[in-house]
Structure formats: C-alpha cells, structure tokens
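Please explain how this structure is put together. A walk through its helix packing, its nonpolar cores and a few individual residues would be enough.

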Amino acid sequence: MQIVRTPWGPFSRGAGTPLLMRLHTMDTVLFWTMTPILRILCLLMPVLYWWTGLVVVQTDLHGLISHLGPYWICCVIFLGWVSRGTNVPILADGMSLLVARESLRASAVGLFGNKNQKFKVTAKGATRDRTVVQWSLAGWFLAIAALTVAGMVLRLVLGPIEGTPPAAEAMNLFWSVYNIIMLAVASLMCVEAPRYRREERFLAGEAAKLRLAGREVEAVLEDVSLLGCRLRLPAGGLPAADARVVVSITEVGEVPALVRAVGPDHCQLVFEADAAQRAALVRKLFSGRYRHSVTTLRPFAFMGILFRKAFM
C-alpha cells in the first residue's frame, strides 16, 4: 500500500517502473481493499432483503447457479490444484472474513495514513491455560448470522414479501444458508483452545544419550522442543528429579539440562542451552524433518477439530 505513494508506484511518472510491475502492484491493492468490502456486502445483502425487501441482485436461483456455478467450480479446481488440496472453499471464505477488518484498516493506513508506519510483530509462544474466544471478531459474525436467521424466520411467519418473485426468494434463501454456514465456520475459528506450552513440541523417536553421574545411558528421544525434551530410558538408567545431566542429540550435540520430572520409564528435561546450542536446536526442529507444514487438508476432519475445540 505504501509503494503506491512512492515514486515507484503504479501512477508515478518517470520512475522507470515496468508496466507489468505496476499492474502487479495494483492487483495487490485491489485484492486487499475490494475483496473484504465485497465479502462484507455479500453478508449484508440477504439481511437487507429479508428485513426490507430490497433485491440487490436481479436474478433467480437457476441464473445464479448457471452463471456463477461454472466460475466457482473452476476457481475451486484451480485453487485446489495450486494449493495441493489445502484450499477448501467454505473454510477459505471463513478465513477471509477473519482478516477482512484488519486488512481494510491496514490498507487505509498504508494508502492514506502516516508514511512512517512501524512494523509490529504479533506475540508468539504465549501460554494460555483456558479457552479464549475472540469476541471482537466472533461477535460481529454471530450478530450478522442472527439477523439473517431472524429475517428468514420473519418471512416464514409473515409470508413472502409482496411483489417479490418466488425465484428471487429462493435465490436469497440459498445465499443466506451459505452465509450462515460461512459465518459459523468463521466464528468457530475465533475460539482458541488452551495452549500450555510456550514452544512447539515435536514427536521424535530417535536415539539419544544421557550422561549423568559419570556414566552414559542409551535413551530414546520421544519428543523435543526448544525448551526441553522427553527421554525414554531403560530400567536402572533413570536420573533423580532436579538432577543436572547432559543429553546428546543428533545434529545438536551435547546440551546441559535439568531433570524436571521422572516417570516409570521416562524423564522430562529442561534445557540449559547456550546461544549456539539453541541455534542448533532451531535448525534441527524448523528446517529438517520435524517442521510442521500442511501438505493435505481433510475438510470434514478439520471441521471436527473446530467443533471439538469450541464445545468440548
């Protein structure tokens, strides 16, 4: 957004910016400004119809499906292909609603605000011992969904709006049901489940060694994070709680640690790593086989996760 206001922006003169780059810049500006506005309008249009009888789109359900349907199917196929199956229509629409308000705000600041805006980093790794609902977002989604449902019930009780063709009523009904589903998904995304760990923990299952009291014990690294790990040890090889030990991890080396807890066949360690050892842990966990990257997405499984997170 700030590039638009520079001598290299799409409307500048004599800066030598190639035409293709100018078009790319304008495409980005239009995406982050017009897309949220259109999504919000698409949520409000059925509400206006049910409560005031205002018909914004002059079409019927057959026309809507026959004209918009092929375009929508092509978009789903293309986005599913380029994202390798991780872009799911309703879930993607719900996610776009989550960022609509902030993208409009950031766009307005970038286009019209102070040019000397500072980059703000969001908080990472915060612990949270309870479920948190982002009501500042979910409240708006639930309010629009409630107005949509109430309008549909109103028409069910009072009857169709006088002078409105049945086809327009059917089209708005279809539109409203889709909006309600999308708003429900977006609302579920606003529920943050408890997170007790400050750092991401990875399942490992690789060999490691534990050195304590002058002897070395073969162990299995069951899971690991930047802050600590869990080791499975043979009988007789368990250290005492609060003991200081050294654990040898592949690609990291020897890391001093404190024994936090001891179980029947395992122990929990808290690393006392220096800067170089922590850097080695970062490289091992976030640039190797332990990185958590999404490669496939099963829509129904994901919806189940959202439902359990919100209500269980």
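In this predicted model, helix α1 passes helix α4 in a left-handed crossing. On the α1 side, the contact is made by Leu43, Leu44, Val47, Trp50 and Trp51. On the α4 side, Ile144, Leu147, Thr148, Ala150, Gly151, Met152, Leu154 and Arg155 take part. Sorted by type, the residues of this contact are ten nonpolar, two polar and one charged.

Two packed helices are described by the angle between their axes and the distance between the axes. For α1, which spans residues 19–52, and α4, which spans residues 135–158, the axes come within 8 Å and cross at roughly 30°. Angles under 35 degrees count as roughly parallel, and α1 and α4 are therefore roughly parallel to each other.

The next topic is the nonpolar cores. In soluble globular proteins, nonpolar side chains tend to be buried together. Here the largest nonpolar core has 27 residues. Within this core, Leu210, Leu221, Leu231, Val247, Leu269 and Phe271 have the most contacts. At least two residues of the core are supplied by each of the strands β3 (202–212), β4 (215–224), β5 (228–232), β6 (244–249), β7 (253–262) and β8 (266–271), and by helix α6 (275–286). Strand β3 provides the largest share, five residues.

Leu221 can serve as an example from this core. Leaving aside its neighbours within four places in sequence, Leu221 is in contact with Ala204, Gly205, Glu206 and Ala208, and also with Cys229, Arg230, Leu231 and Ile249. A second, separate core has 19 residues, including Leu98, Phe141, Ala145 and Leu306.

Phe141 also appears among the contacts of Ser187, a residue of helix α5 (residues 166–189). Is Ser187 buried or exposed? Buried means under 20% relative accessible area, so Ser187, at 10% relative accessibility, counts as buried. Apart from neighbours within four places in sequence, the contacts of Ser187 are with Ala138, Phe141 and Leu142.

A last residue to consider is Met95, found in helix α3 (residues 89–112). Because its relative accessibility is 44%, Met95 counts as partly exposed. Met95 and Met189 are 94 residues apart in sequence, while their C-alpha atoms are 7.9 Å apart in space.

Key:
Residues numbered from 1 in each chain as written. Predicted model: local features only at pLDDT ≥ 70, side-chain atom pairs only at ≥ 80, totals over all residues. Heavy atoms only, no water. Helix = DSSP H or I, 4+ residues; strand = E, 2+ residues; numbered from the N terminus. Buried < 20%, exposed > 50% of the residue type's maximum accessible area, 1.4 Å probe, protein only. Contact = heavy atoms within 4.5 Å. Axes fitted to C-alpha atoms, helices over the stretch in contact; angles between N-to-C directions. Parallel < 35°, antiparallel > 145°, perpendicular 65-115°, else oblique. Left-handed = near helix turned anticlockwise from the far one by under 90°. Nonpolar A, V, L, I, M, F, W, Y, C, P; charged D, E, K, R; others polar. Core = buried A, V, L, I, M, F, W, Y, C linked by side-chain atoms within 4.5 Å.
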